[in-house]
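Reader: I am a first-year student, and I would like a close look at one part of this model, the place where the two chains touch. Could you take me through it slowly?

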Protein chains: 2
Amino acid sequence: MGKYNRLDQIMDYLKLHNLVTVEELVIATEASPATIRRDLIKLDQHGVISRTHGGVTLNRFIPSQPTTSEKIHKNFNEKQLIADVAAKLIKPGDSIALDAGTTTLEIAKRITQMPVRVITSDLHIALFLSEFKQIEVTIIGGKIDDSSQSCIGEHGRSLLLQINPDISFISCNSWSLSKGVTAPTEDKALIKAGFAEKADKVVLVADSSKYNSYSLFTSIPLNRFTDIITDNHLDTETLQVLQNQIFKLHIAS
Amino acid sequence: MGKYNRLDQIMDYLKLHNLVTVEELVIATEASPATIRRDLIKLDQHGVISRTHGGVTLNRFIPSQPTTSEKIHKNFNEKQLIADVAAKLIKPGDSIALDAGTTTLEIAKRITQMPVRVITSDLHIALFLSEFKQIEVTIIGGKIDDSSQSCIGEHGRSLLLQINPDISFISCNSWSLSKGVTAPTEDKALIKAGFAEKADKVVLVADSSKYNSYSLFTSIPLNRFTDIITDNHLDTETLQVLQNQIFKLHIAS
DNA sequence: ATTAAAATGATTTAATTTAATCACTTTGGA
DNA sequence: TCCAAAGTGATTAAATTAAATCATTTTAAT
């Protein structure tokens, strides 16, 4: 075979096979076990796979104890803390909307034992939560955006505009007081805005490292939110400004 | 912890954790390694998990070499053969619709390297295919049915009625000449019917073991199909009858 | 063409996991 | 209450995997 590079070969094999042994990969790639192990160490460091003594899997975004690389790269702890605070806002019986993202996935992991109704644009969240009987899951539908593996487009947005959740949790890659929550594409911005449209409480979950950056499309002005949950790394100046806004500011720590 | 039975505890832990070691489960359940291994053997025999030397994962329906129990329980080989035939009907550039199910998932696994557009109601298929760059994926959206982890309801159906795929692949749990394709709930029947509505080719993929059984709701009459793909275990009498119908009968073997 | 650097493969050793066995405990009738 | 059966835990031996080391091959630049 060996038509393209071995790391891609390994990744493709993992995409097709769930749980895999080193030996399987040796056969699939026609490389030696030593080489495979070296490759797996690399992939592990990138955080895309999980390893145990005899097994390898693709990380399907359900990891709870994150790989070391994940901890380093993506301020994991802050997201955990933010999700803790967010989950406390949820009561049994609530209808909640979950935007796509890793922080909202963390929220999802905290409500598995609670009877709630969830609407989401995120395939991982939908699939994950659908395994728990107490939870009724709705996915908004539409074209799948590769990078986030979530739904975009008018079809899904129209559903968001028909539904009135108790709480809507919105994540973002960039937010600021002047430009609000912004998104890199119009599609994503429209979906995010949809999440903010009909909910009783509209909650932003965003770590401080994303504050004061922005993308091309403004999605939601900050004064649309009823609550903003972030971590304790904002400087005191910004903190004071944000505390005097219409929304309630929660500092997770 | 130990409030409910250990097997459920293990399953819940697996739902949350992707790749797991025996030792982790020992800690989570407060049982001995020996007991955990005995439990894992049971779960493996039921086909719900995969094991290697040091690792355990939940089967997330992407297995390619199935567990032995799967082979026995669910006429796996027939589905493979049917999917082989089905995949051959697909050309690069096609728009195809995939109903929810394991047979259609097998079809999905055969088109990962082909540039096609896919619309589906199945969360597993959507998530799986969204990992491949060549493929544009759309999910119909709506409430998630627990048992099949696929979308049901009017919202998704409305999208199906707006779209005109080249080929629609429909699976089923029961089919017969007199009652057509039937489904256990009205919701599921309506979605299946939606898949048959606008497609150029409408293809039934169904193994012979499901022939001449039926559920409560008729979804699609057989004469709506342009092609039916099944295995070679139909008796000669039925075979003759089915060969003289309006659809083209493919026997996978 | 030559050489240094990187990547790979093979071998041996160490670490880890599993399987098998047996003793002990719990459970559900008689 | 007693007993049999099933389930559980601990121990040891066997099997499997990973890590470390070194020789070999490939690669890329001069």
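Author: What follows is a walk through the contact between chain A and chain B. The model is a predicted one, and in it the contact takes 39 residues from chain A and 39 residues from chain B. On the side of chain A that touches chain B, the elements that each supply at least two residues are the helices α1 (6–17), α7 (123–129) and α8 (154–160), together with the strands β6 (136–139) and β7 (142–145). The largest share of that side, four residues, is the contribution of β6(A). Sorted by class, the side of chain A that touches chain B holds 18 polar, 13 nonpolar and eight charged residues.

The strand β6(A) deserves a second look, since two bridges join β6(A) to strand β7 (residues 142–145) of chain B, and these two strands run antiparallel. Within this pairing, A:Thr138 has B:Lys143 in β7(B) as its bridge partner.

Now consider how the two copies are placed with respect to each other. Chain A is superposed on chain B, with an RMSD of 0.1 Å, by a rotation of 180° with 0.0 Å of shift along its axis, and that is the relation of a two-fold axis. The residue of chain A that comes closest to the rotation axis is A:Gly141, whose C-alpha is at 1.7 Å. The same surface serves both copies, in that 100% of the contact residues of chain A recur in chain B.

Note on methods:
Residues numbered from 1 in each chain as written. Chains lettered and ligands numbered in written order. Predicted model: local features only at pLDDT ≥ 70, side-chain atom pairs only at ≥ 80, totals over all residues. Contact = placed C-beta atoms within 7 Å. Nonpolar A, V, L, I, M, F, W, Y, C, P; charged D, E, K, R; others polar. Pairing = 2+ DSSP bridges. Least-squares fit on C-alpha atoms with pLDDT ≥ 70 in both.
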